[in-house]
Amino acid sequence: MTGTIPILRIGRTLLATVQTDLRDNVANAFQQDALSALEKGGMSGLVIDISGLEAVDTYVARVLVDTGRMARLMGAATVLVGMRPEIAATLVRMGYPMEGVDTALNLEEGLERLRLQTRT
Amino acid sequence: MLFSAGGAVDPIPPGCSIQGRHVPFRTVKRLPPAQSVRNSRDKPRGIYGRVRANLWAAGVRCGRDAGKGVSMDHRRYMKVLKLDEAEVQARRAFFELTDEDLQRLAGLRPFAEKNTDAIVEDFYRLLLSHPDTKKFFPDEATVRRVKRSQCEYFLGLFGGKCDLAYVEDRLRVGIAHERIGLSTKWYLGAYRKYLQLIGDHLFEELRDAGRARQALESIQKIVTFDIALATDTYLAAKIETIERHQAAIRELSTPVIRVYDRILLLPLVGAIDSHRANQVMDSVLLKVSEAQAKVIIIDIAGVPVVDTKVADSLVKTTAAVRLLGASTILTGITAQVARTIIHLGVDISTMHTLSRLAEGIELALSLVGKSIQATKTAARARRKRKASRR
């Protein structure tokens, strides 16, 4: 693992919790870490908890969306959970509503959503 | 110049209730009865003064000032208007109000003391003869009280001082006038009369035209200085009132209601401009996050006009709500609105849209895994009706 964002493995799900502000290099390292963890195989889902994220720019948002799409290519569904209201408002006002990535209110809901998706 | 006695306070009648609180009789009874507050306008002095200062600080308004809201606000406005030493100096420099002027004014004190009563009497004759200004003086007592403070104000012009304390005192005038709802036209008009009266008396008294002219110039300077302060305060107070009302409207314009566990409802009523649209988005996001709601229903039945802007803001709100992990249902779409949206070419396919609020609630319930079912008795009644029809 090269980045500072811990990625935990729970069963067939990967859980990444972003607790700091995501700077560009941190975001890139996170993407690297998440993909190499998926590469090891056996994973059906990736949950990214961004409830600790206080500020975001389009680059970081794009990295997160891209990570989700890359994970989808590798057969894992991604859910972004716990986005703060001010971040959601900012992203939408900047014209980047992060289309193409699944969202949920909190970690519990995110895991539930993954469970439903993998079952079907 | 004062219409109403901004700084004047009458002795507090025992037992008056202020802002829902009751002033204990005891506090007031302990006061020495001989000590009157009337002559201590600026700073409360003595035992009574201390009590009064405390009451002031607690927001106490009573006696004839009750409801007028004369308060320590001038301190606050000193900050709002950024009136510090430097600003006062800058203003004085612009009005060319020099130390020499102030000295000259101080030298005119005996003249002022001699002529106050006559000037004030004449001045109020104008105010009381005009119906628009007369209504500010409902009774004789008010007139007497205001005349008293007017004399003080007048003498204050000849104090030979123009420092922060002076400025602070002048701010009260503006605040008092905003409170009683006096418009600036009467205020400025009355000042004209005031200056004229002063001029008349000056020329009569001083004989020496050159000296009188100089004296009048100094008076004009300090009077315009006062007018500027009072009108600035007046405007600041008005703006504050408007801001307070706007805040109230803002509060009322986005009432997010919790209709069921994890289901919120926002009934929008009234026109939506871009400012309000932003508010709607912010408050919706905040409430969704607070309540960890799964669904928010936005009912637009009460919005008279849905144009591209409104539609766009709704689409944006939906996108933002999705980012939080919740969904939006838009209800109350009338035929007219549907027609407009399609004609305008707005793509709202990302949203759940329904015509009636009831359907919206049903959909919302289904999204949280609940449903509305008819009770057994209702089902039985329906079966009976069918059977009887056959």
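## Around A:Val63

Setting aside neighbours within four places in sequence, A:Val63 has three residues in contact: A:Ala27, A:Asn28 and A:Gln31. Please keep in mind that this is a predicted model. A:Val63 itself sits in helix 2 of chain A, which covers residues 58-73. One of its partners, A:Ala27, lies 36 residues away along the chain, yet the two C-alpha atoms are separated by 6.7 Å.

Is A:Val63 buried or exposed? The answer falls in between: A:Val63 has 18 other C-beta atoms within 10 Å, and because a buried residue needs 20 or more while an exposed one has 12 or fewer, A:Val63 counts as partly exposed.

## Chain B on its own

Let's turn to the other chain. Chain B contains 16 helices and 7 strands. Of its 390 residues, 29% are buried.

The contacts within chain B reach far along the sequence: taking those between residues at least 6 apart, 78% join residues at least 24 apart.

## Where the chains meet

Chain A and chain B each bring 15 residues to their contact. On the chain B side, the elements giving two or more residues are helix 12 (274-291) and helix 13 (308-324). Helix 13 of chain B gives the most to this side, with 6 residues.

What is the chemical make-up of the side of chain B that touches chain A? Its residues divide into 8 nonpolar, 3 polar and 4 charged.

Note on methods. Residues numbered from 1 in each chain as written. Chains lettered and ligands numbered in written order. Predicted model: local features only at pLDDT ≥ 70, side-chain atom pairs only at ≥ 80, totals over all residues. Contact = placed C-beta atoms within 7 Å. Helix = DSSP H or I, 4+ residues; strand = E, 2+ residues; numbered from the N terminus. Nonpolar A, V, L, I, M, F, W, Y, C, P; charged D, E, K, R; others polar.
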